[in-house]
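Student: Could you take a close look at one part of this model and explain how its elements are arranged around one another? I would then like to see how that part compares with the packing found elsewhere in the chain.

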Amino acid sequence: MYISLFDMFKIGIGPSSSHTVGPMRAARRFLMELPAPVFAAVARLEVELYGSLAHTGHGHGTDVAILLGLSGELPDQVDPAGIPARIQAIRAARELVLLGQRPIAFDADRALIFNRSELLPVHSNGMRFRAFDAGGTVLAERDLYSIGGGFVMDAEEVFVGSPLGVEQPVPHHFETMQALLAMAQQAGQPLHQLLMKNEASLHGAAATRDFIHRVKGAMFDCIDRGMTAEGLLPGGLKVNRRASAVAERLRHAPSHASEGAMSWVSVYAIAVNEENAAGGRVVTAPTNGAAGVVPAVLRYYQDYRAGDAAGIERFMLTAAAVGALCKRNASISGAEVGCQGEVGSAAAMAAGGLAAALGASNEQIENAAEIALEHHLGMTCDPIGGLVQIPCIERNAVGAVKAINACSLAMLGDGSHMVSLDQVIDTMRRTGADMQSKYKETSLGGLAITVSVRQVEC
């Protein structure tokens, strides 16, 4: 299976790719894949959430995502501004229109079950969908898993080993960075050229370039919206949006070369993640919780390093490949390996992407991604109140700055280094396996219990 650029970057809504985007897709998929006679007979639905989805689902908008998915919505097409009114209408009428086609009685308080005491096999982010007829007989039952970055799979897909990507062969298939580097060396070409050939074989070169610049546009639009929006973020923590005020101060502050640039990078990242926390339109890169890192570093490349269209293409192709390696050989899910898999992977993607955009050698690109990920190892996912706000928003700003620093360090060297990116990714996988579940997006440990919601409100 090949994990494409088109798989890694998904345009969707906040606040979470694994808790919002994935469940929305899963709910829609459950109904879409029912045989027509079964779908026609559905009179009642029940959705049971397990693990991290149960523990932090309310704060991450999982309940809202399920209702939208059952209504037939997709994350990249739903209007974020209209969501609150639609959910209110469903709850008030106690009626849901399945896939926008036929209404059934639906009491969300009874139909959505948050099971905090059990886990489904395969992954922490498990969902069990049940459909009943008018007499209460179970028509269909299916377990689906949201495995990070908006990816959804069932147990059979895990069993056959093909939950990710596309099955179509590509000219330069790789499952490790070592393999990709070897192919590039043999071909005498930079990494991005091999990666473009892969994408072109799947989607066509023109469509690939169009997609890259559409994703870039969505990322930059998100930054711009976040730098103008004001007010409190939803969810009850009473967290004020900061990006707009900080951007205004920076516009009137003396320019201090790199210090000014790094301040703007932080604002870019914060702007994106404030939009994400507010349920706005964002790009998973590789997840929503880590959605600010790649856009912030890409904007830095354009604004401060005279970035051009060709460099943006090199950046995005390389970043997607690094993210695909993290996903394939470890995880990008905070519920599975902690935030090292989210912001850590995003920083590695951004560092490798920036190095490629700046013309680094293949070895320097690999080194940049390795440095960025290495210095996120062991990072926990412990959101206060189950919301993607504290420490998530600032963590993206720090990750973006780390990515730029990692790129700089790598390009000061000749590409030779002790630890490989593949080794760091494997270390992330093993570290995540060793990490206690309370530190993996359950809000049962770390900052989530050290700092109470009441303290934040005060």
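Tutor: In this predicted model, a suitable place to begin is helix H5 (residues 62-70), which lies across E2, E5 and E6 and runs at about 145 degrees to E2. The three strands that H5 lies across belong to an open sheet of five strands in the order E5-E2-E6-E7-E8, and the pairing in this sheet is mixed. Its edges are formed by strand E5 (112-115) and strand E8 (152-154), each of which pairs on one side only. On average, and with direction ignored, neighbouring strands of the sheet are turned by 25 degrees against each other.

The pairing at one edge can be followed residue by residue. Strand E2 (residues 44-50) is joined to E5 by four bridges in the parallel sense. Across this pair, Leu 49 stands opposite Phe 114 in E5.

A second helix also meets the sheet. Helix H2 (residues 17-32) lies across E2, strand E6 (126-132), strand E7 (138-146) and E8, and its direction makes an angle of about 150 degrees with E7. E2 and E6 are thus among the strands crossed by H2, and both are also crossed by H5.

The loop that leads into H2 holds a feature of the backbone. Gly 14 and Pro 15 are joined by a cis peptide bond, with omega about 10 degrees, and Pro 15 is placed in the loop between strand E1 (10-13) and H2. Two further loops contain residues other than glycine with a positive phi. Arg 94, with phi near 50 degrees, is in the loop between helix H6 (83-93) and strand E3 (95-98). Leu 99 likewise has phi near 50 degrees and is found in the loop between E3 and strand E4 (102-105).

As for annotation, the unreviewed UniProt entry assigns residues 4-156 to "domain: Serine dehydratase beta chain". Over this range the chain is 41% helix and 27% strand, with its end C-alpha atoms 22 Å apart.

Elsewhere in the chain, helices pack against helices. The axes of helix H11 (residues 205-226) and helix H15 (residues 309-329) come within 10 Å and cross at roughly 90 degrees, which makes H11 roughly perpendicular to H15. H11 contributes Arg 209, Ile 212, His 213, Val 215, Lys 216 and Met 219 to the contact, while H15 contributes Ala 309, Ile 312, Glu 313, Met 316 and Leu 317. By class, these residues of the contact of H11 with H15 are seven nonpolar, one polar and three charged.

Another cis peptide bond runs from Ala 285 to Pro 286, with omega near 5 degrees; Pro 286 lies in the loop between strand E9 (281-284) and helix H14 (293-304).

The last pair to consider is helix H18 (residues 362-374) and helix H19 (residues 392-412), whose axes come within 8 Å and cross at roughly 140 degrees. H18 and H19 are therefore oblique to each other, and H18 passes H19 in a right-handed crossing. On the H18 side the contact consists of Gln 364, Asn 367, Ala 368, Ile 371 and Ala 372, and on the H19 side of Ala 406, Cys 407, Leu 409, Ala 410 and Met 411. The contact of H18 with H19 comprises eight nonpolar residues, two polar and no charged ones, whereas three charged residues take part in the contact of H11 with H15.

Notes. Residues numbered from 1 in each chain as written. Predicted model: local features only at pLDDT ≥ 70, side-chain atom pairs only at ≥ 80, totals over all residues. Heavy atoms only, no water. UniProt positions renumbered as here; feature names shortened; annotations may be inferred. Helix = DSSP H or I, 4+ residues; strand = E, 2+ residues; numbered from the N terminus. Axes fitted to C-alpha atoms, helices over the stretch in contact; angles between N-to-C directions. Parallel < 35°, antiparallel > 145°, perpendicular 65-115°, else oblique. Left-handed = near helix turned anticlockwise from the far one by under 90°. Contact = heavy atoms within 4.5 Å. Nonpolar A, V, L, I, M, F, W, Y, C, P; charged D, E, K, R; others polar. Pairing = 2+ DSSP bridges.
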